Amino acid sequence: MILKIFNTGVFGVNTYVLIDEKSKEALIIDLGGDFEKINKYIKEQNANLKFILNTHGHFDHIMGDVDVQTDKIKVPVYMHKDDLDHAENISQTVKDLGFADEWKKITIDHFLDENSDIKLGNIPIKIFHTPGHTKGGVSYLIEDKVFVGDTLFNNSIGRTDFAYGDFNTLINSIKTKLMPLDNNITVYPGHGPSTTIGEERLHNPYLQ
C-alpha cells in the first residue's frame, strides 16, 4: 500500500492519500484543501479515487470536500453522523473566522460507524468511534496504521475547549479504543508528526 501525506489548508492539516497497489483504488483522509494537486498525484499513480473519509467535522479538515462534489467530479464523502452539524454549518463557521463570506455546502453521502464495512480494494478499514474532540470523531485502522484526526497527537491530545468537546470523553476514547492496539501501530494525526501507540503509551503525559 502506498501512503502519501499532503499538508493542506491554513491550519496545516495532514491530508492522507492511500493507494492499494493491487486494485489501484485510492482514498483520501481529511481533505483540507489542494484537491487539484492531490488528484493529480493519484492519477500519476494510475489509481482511481474511491472515496473521502473524514475523521471529524471541523472545517479545516473538510474544506476540500466541496471540490469532489462538482458537476465534473463526484466522489462519495463519509463521516460519522454525530458531526453532521459541522458540515452543515461550515459556511457560517468560515464566515465567523473571516475566511469567506459564503462557502459551498458540503454533502455527506454516507454515515459510518464501528459497524460499517468499508474496504480499499481488499484491504479492510476498521473504524473506531473516538469522540471527545468532537462528538463524531472517528479513527481508521488500515493495516499497521491508524489515522486519528485530532484525537491523539505526538505526546499530546486534541483540544476539548471547542463546542461539543469533552476532556474525559476524549481520554476514555484514547484509552479504550486506541491504547489496546499493538505498540508498533503507527499513529497518523490530523496535524504534526506521526508517532506510535507504544510511544504514546509510555510517554504521553495525558495518559499516565
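**Exercise 1. A pair of strands in the second sheet**

Which residue stands opposite Val146 in β10? Work outwards from that residue to the sheet around it.

*Solution.* A quick reminder before we start: this is a predicted model.

- Step 1. The residue facing Val146 of β10 is Leu141.
- Step 2. Now take the strands. β9 covers residues 138–142, and its pairing with β10 is antiparallel, over 3 bridges.
- Step 3. Zoom out to the sheet. Six strands make an open sheet with mixed pairing, ordered β7-β8-β9-β10-β13-β14.
- Step 4. Look at the ends of that order. β7 (118–120) and β14 (195–196) are the edge strands, each pairing on one side only.

**Exercise 2. The other sheet and its hairpin**

Find the strand order of the sheet that holds β1 to β6, then say what happens at its edges.

*Solution.*

- Step 1. The order is β1-β2-β3-β4-β5-β6, in an open sheet of 6 strands with mixed pairing.
- Step 2. β1 (2–8) and β6 (110–111) each have a single partner strand, so each has one side with no neighbour in the sheet.
- Step 3. Start from the β1 edge. β1 runs antiparallel to β2, with 7 bridges between the two, and Phe6 faces Thr15 of β2.
- Step 4. These two strands make a hairpin with 4 residues between them, and Gly9 in the turn has a positive phi of about 75 degrees.
- Step 5. Go to the β6 edge. β5 and β6 run parallel and are joined by 2 bridges, with Met79 opposite Phe111 in β6.
- Step 6. Add the helix. α1 packs on this sheet and touches β1, β2, β3 and β4, its direction making about 165 degrees with that of β1.

**Exercise 3. The nonpolar core**

Work out which elements build the largest nonpolar core, then follow one of its residues, Val17.

*Solution.*

- Step 1. This core has 25 residues, and those with the most contacts inside it are Val17, Ile28, Ile42, Leu49 and Ile52.
- Step 2. Elements that each supply at least two core residues are β2 (13–20), β3 (25–29), α1 (35–44), β4 (48–53), α2 (59–62) and β5 (77–79). The largest share, 4 residues, comes from α1.
- Step 3. Follow Val17. Beyond four places in sequence, the contacts of Val17 include Ile2, Leu3 and Phe6, along with Leu27, Ile28, Ile38, Tyr41 and Ile42.
- Step 4. Lys4 is also among the contacts of Val17. The charged end of Lys4 sits over the ring of Phe6, 5.9 Å from its centre, and Lys4 lies over the face of Tyr41 too, at 5.7 Å from the ring centre.

**Exercise 4. A stacked ring pair**

Classify the Phe147–Tyr188 ring pair from its geometry and place both residues in the chain.

*Solution.*

- Step 1. The ring centres are 5.2 Å apart and the planes differ by 20 degrees, which makes the pair stacked. The cut-off behind this is that planes under 30 degrees apart count as stacked.
- Step 2. Phe147 sits in β10 (residues 145–149) and Tyr188 in β13 (residues 186–189), 41 residues apart.
- Step 3. Both Phe147 and Tyr188 are buried.
- Step 4. Widen the search. Ring pairs link Tyr16 with Phe147 and Tyr188 in a cluster, and the whole structure has 6 aromatic pairs.

**Exercise 5. Three residues, buried or exposed?**

Decide whether Leu112 is buried or exposed, do likewise for Glu200 and His86, and list what surrounds each.

*Solution.*

- Step 1. The test is that buried means under 20% relative accessible area.
- Step 2. Leu112, in the loop between β6 and β7, has 2%, so Leu112 is buried. Residues it touches include Leu53, Tyr78, Met79, Ile118 and Tyr140.
- Step 3. Glu200 belongs to α6 (residues 197–203). At 0%, Glu200 is buried, and among the residues it touches are Leu152, Phe153, Asn154, Met179 and Gln208.
- Step 4. His86 lies in α3 (residues 84–88). With 15%, His86 is buried as well. Outside four places in sequence, His86 contacts Gly57, His58, Thr134 and Tyr164.

Note on methods:
Residues are numbered from 1 along each chain as its sequence is written. This is a predicted model: local features need pLDDT of at least 70, side-chain atom pairs count only at pLDDT 80 or more; totals for chains, interfaces and linings use all residues. Side-chain values use heavy atoms; hydrogens and water are left out. A nonpolar core is a set of buried Ala, Val, Leu, Ile, Met, Phe, Trp, Tyr and Cys residues joined through side-chain atoms within 4.5 Å. Buried means under 20% relative accessible area, exposed over 50%, partly exposed in between (1.4 Å probe, protein chains only). Contact means heavy atoms within 4.5 Å. Two strands pair if DSSP finds at least two bridges between them. Axes are lines fitted to C-alpha atoms, for helices over the stretch in contact, and angles run from 0 to 180 degrees between N-to-C directions. Rings of Phe, Tyr and Trp (its six-membered ring) pair if their centres lie within 6.5 Å; planes under 30 degrees apart count as stacked, over 60 as edge-to-face and the rest as tilted. A charge sits over a ring if NZ of Lys or CZ of Arg is within 6 Å of the ring centre and within 35 degrees of the ring normal.
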